[in-house]
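Here are my notes for someone opening this structure for the first time. Have it on screen and follow along point by point.

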Amino acid sequence: MGQQIGITTSFNLPDGREVTIETGKLATQADGSVVVRVGDTMIFAVATSDRKAREGQEFFPLSVDYQEKFAAAGRIPGNFFRRETKLSDYEVLTSRLVDRAIRPLFPDHYMNDTQIIINLLSSEKDVLPDAFVALAASAALTVSDIPFAGPISEVRVARIDGEYVVNPNKSALERADLDFIVGATLADITMVEGEAKEVDEQAMIDALKVAHEAIKVQCNAQLALAQKVGGSALNKREVAPLPEDEDVKSRTKAQAEAKIRTLASSASDKNSRKKGFDEIKTAAEAALAEAYGEAEWPAKKPFFKRYFDELKKKTVRDVILDGKRLDGRGPADIRPIWCEVGYLPSPHGSAIFTRGETQSLTTLTLGTKLDEAMIDTAQNLGFEKFILHYNFPGFSVGEVKPQRAPGRREVGHANLAARSLRQVLPSGLPYTIRLVSDILESNGSSSMATVCAGTLALMDGGVQIKSPVSGIAMGLIKEGDRIAILSDILGDEDALGDMDFKLTGTANGITGCQMDIKIDGMPYDLLERALKQAREGRLHILSKMAETIEGPREDYKPHAPRIVELIIDKSYIGAVIGPGGKVIQEIQAQTGTIINIEEKNEKGYVNIASSNKDSIDKALEWVKRITFTPSEGDVFTGVVKTVQPYGVFVDFMGKSGLLHVSEISHTRIENVEDVLKEGDEIKVQIVEIDKKTGKIRLSRKSLIPRPPRKDGEPDDDDQGGDRGPRPPRRDGDRGPRRDDRRDDRRGGGDRGDRRDRR
């Protein structure tokens, strides 16, 4: 049977690379399936959705899973099972990028289970697949009959060497000072996530404009593919409108609207407000139940629940648009802030950051290279030395919830905080850094509280960050021409608002962002207003943090590990490690330190860690002895190891050299043992290193002032004593010196060396 031919369309990226979208070849029983290909990278996506809604479902049950097949990169997974298992954090974050972009584009009352599965099937080493995943997901939905108000697409936009580049290669991205993933429809930007190296707000706006132009091309390509497919791709499933009951709607409004407005205008706290809304709902429900009676009420109750929630949302939005926020603040006001550092005595740094009813307790731990997190994805096998974890227990919002492994929300919030703080970490830091943010209270912006608390904990721990970072969550409510841009939003304002825009940065510029827009139409002038207001809020928060601690402490905590880095020649790495690791294990055992060696740039980087300075000094001295490279003229204090008739062998800095009898003193020595014995500590100078054999010749008399010569005393003796030390041999000298020949005749140096070897 011949090859099955699919339906394809293609477009070019701004740099000329061709991208093709193919359908009808793989997974034809799914509602929609496509393969997106750019170069040798191939991404497969399928979309399926149940024909019937799940009974009693109150929210849209959409799941998006992106998984990389390790075979795509010619690798076998490094886990115990040697197979793909649960999604990695990278895969979870990529799944979230797609979910956030497509979720708002399904009908509000569409409650059918819907699943998007995306796999990386083939990987080109220098192509980043996350920039093409949303394109594949949207294309699968576009060629299906699933109701979806797309298409959408996402691109990566980076500023590299001052130029904006769409979907740059991985190697080029290393030079970027701005890196955003942007999602959009043909008309509007819907999602942004990324990081930057303290860029200004205008750079972000310019990047979004470049990204949107590229996305329009990709959306049109999907529409062209749908036209080629025809049939269900052009005729989406009909979604029946929700049934209405105008009588229940009007009665609900009469019972609850005024009370909701009063409570929303009362500047209440979260718990009081929640309790108040519950009481209003209960009272309205009781009134309607009594009015309809036991016979009618069961059929009317679902209408009441929907109408009450809609009424509450509309009324609260109206109150905010009238200039009154739920807690009484103005649109640009920031909630009260208090901070504390050093709250916990044992961690290497700690901080509490509280803003309104949101609180993060963050701890800092400094570790060694052994503590680095292993990253094992299809495209990347390596280690990460900056780790940030975010925990959101149920009690932080007054709920009883079982403790489980971190969910996608926790992974996403941790990633945003980590990429924001990573921009200000000092380069060349030898530590592995772990920050853990435990959210103890939450009423909006807990990820931004994590950024602020993380900054404080780093500074409390003495990590010399470049600049403090703060974060703020912005909101938007828009009804026609009525607009409210809200700084430092509450949880309720996030739920009923039209935008959730988290922005982090220093006083110099933006370091991270995450934006989700839930409505159609976000003009750039409105975005500029939001960015300006966010900057003002960010600077205010930084000033409050500075009242607690202005900058990093001068030193680490006394109980924090100290790490000293020593750079050695690559050829000495084996000597430090020893056969089977014997030497390095002995050093660690004897000194109580942790030693890691890494080879890079043709050098060996030796990190020695301990909380005890004396232990580090001992280990450092030990390694220096092993890796010591002597030079002619160097002076050392050594220990006499072996005594021979012709001189002594002296050990110093892990080396050994011959101190000939003629170099011990300016006076004649008849018996070496009368002057030196094993174990004596003496100061010696290197006078010659044989370039062929590496043998070291030492002198002691070169460091001793020559005594005045007595009358009649000869100028010279057969040891060469009064002549002083010989100068180091220069390159080009021919033949052995006279002293060398005399040594050989007397059974001196070289023969002594041979004995020592025996």
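1. Leaving aside its neighbours within four places in sequence, which residues is Phe-353 in contact with? Keep in mind that this is a predicted model. Phe-353 touches Ile-337, Trp-338 and Cys-339 on one stretch, then Thr-358, Gln-359 and Ser-360. The list goes on with Ala-449, Cys-452, Ala-453 and Leu-456, and ends with Ile-541 and Met-545.

2. Now for the core around that residue. The largest nonpolar core has 108 residues, and Phe-353, Ile-433 and Phe-501 are the ones touching the most other members. Helix α6 (residues 270-321) gives this core its largest share, 15 residues. There is also a second, separate core of 44 residues, with Ile-43, Ala-47, Ala-101 and Ala-139 among them. As a general point, nonpolar side chains tend to be buried together in soluble globular proteins.

3. Next, the cysteines. How many disulfides does a search of the whole structure find? The count is 0. Cys-339, one of the contacts of Phe-353, has its closest cysteine sulfur in Cys-452, but the 7.6 Å between them is too far for a bond. For reference, a disulfide needs the two sulfur atoms within 2.5 Å. Cys-513 is in no disulfide either, as its nearest cysteine sulfur, again that of Cys-452, is 16 Å away. Both are tucked in: Cys-339 is buried with a relative accessible area of 13%, and Cys-513 is buried at 0%.

4. Have a look at the open sheet of 8 strands. The order is β8-β7-β9-β10-β21-β20-β18-β19, and the pairing is antiparallel. Why is one side of β8 and of β19 left without a neighbour in the sheet? β8 (163-166) and β19 (482-487) stand at the edges and each has a single partner strand, so one side of each stays unpaired in the sheet. On average, neighbouring strands here are turned by 15° against each other, direction ignored.

5. Staying with that sheet, β18 (residues 470-479) and β20 (residues 499-505) pair over 7 bridges in the antiparallel sense. Ser-470 stands opposite Gly-505 in β20. Helix α10 (residues 524-546) packs on the sheet, where it touches β10 (189-199), β18, β19, β20 and β21 (510-517). The direction of α10 makes about 145° with that of β18.

6. Two helices are worth checking for burial. Helix α7 (residues 408-422) reaches 21 Å from its first C-alpha to its last, close to the 21 Å expected. Of the 15 residues in α7, 11 are buried, including Glu-410, His-413 and Arg-419 as well as Val-411 and Leu-416. In helix α2 (residues 133-142), 10 of 10 residues are buried, with Val-133, Ser-138 and Thr-142 among them.

7. For a smaller motif, try the hairpin of β14 and β15, which has 4 residues between its strands. β14 (residues 373-376) and β15 (residues 381-384) are antiparallel and share 4 bridges. Met-374 has Phe-383 in β15 as its bridge partner.

8. Last stop: the barrel. How many strands does the closed barrel have? There are 5, running β25-β26-β27-β29-β28 with mixed pairing. The twist from one strand to the next averages 55°. A parallel pair in it is β27 (residues 655-660) with β29 (residues 696-699), joined over 2 bridges, and there Leu-658 has Arg-697 in β29 as its bridge partner.

Methods
Residues are numbered from 1 along each chain as its sequence is written. This is a predicted model: local features need pLDDT of at least 70, side-chain atom pairs count only at pLDDT 80 or more; totals for chains, interfaces and linings use all residues. Side-chain values use heavy atoms; hydrogens and water are left out. Two strands pair if DSSP finds at least two bridges between them. Axes are lines fitted to C-alpha atoms, for helices over the stretch in contact, and angles run from 0 to 180 degrees between N-to-C directions. Contact means heavy atoms within 4.5 Å. Buried means under 20% relative accessible area, exposed over 50%, partly exposed in between (1.4 Å probe, protein chains only). A nonpolar core is a set of buried Ala, Val, Leu, Ile, Met, Phe, Trp, Tyr and Cys residues joined through side-chain atoms within 4.5 Å. The expected span of a helix is 1.5 Å times one less than its number of residues.
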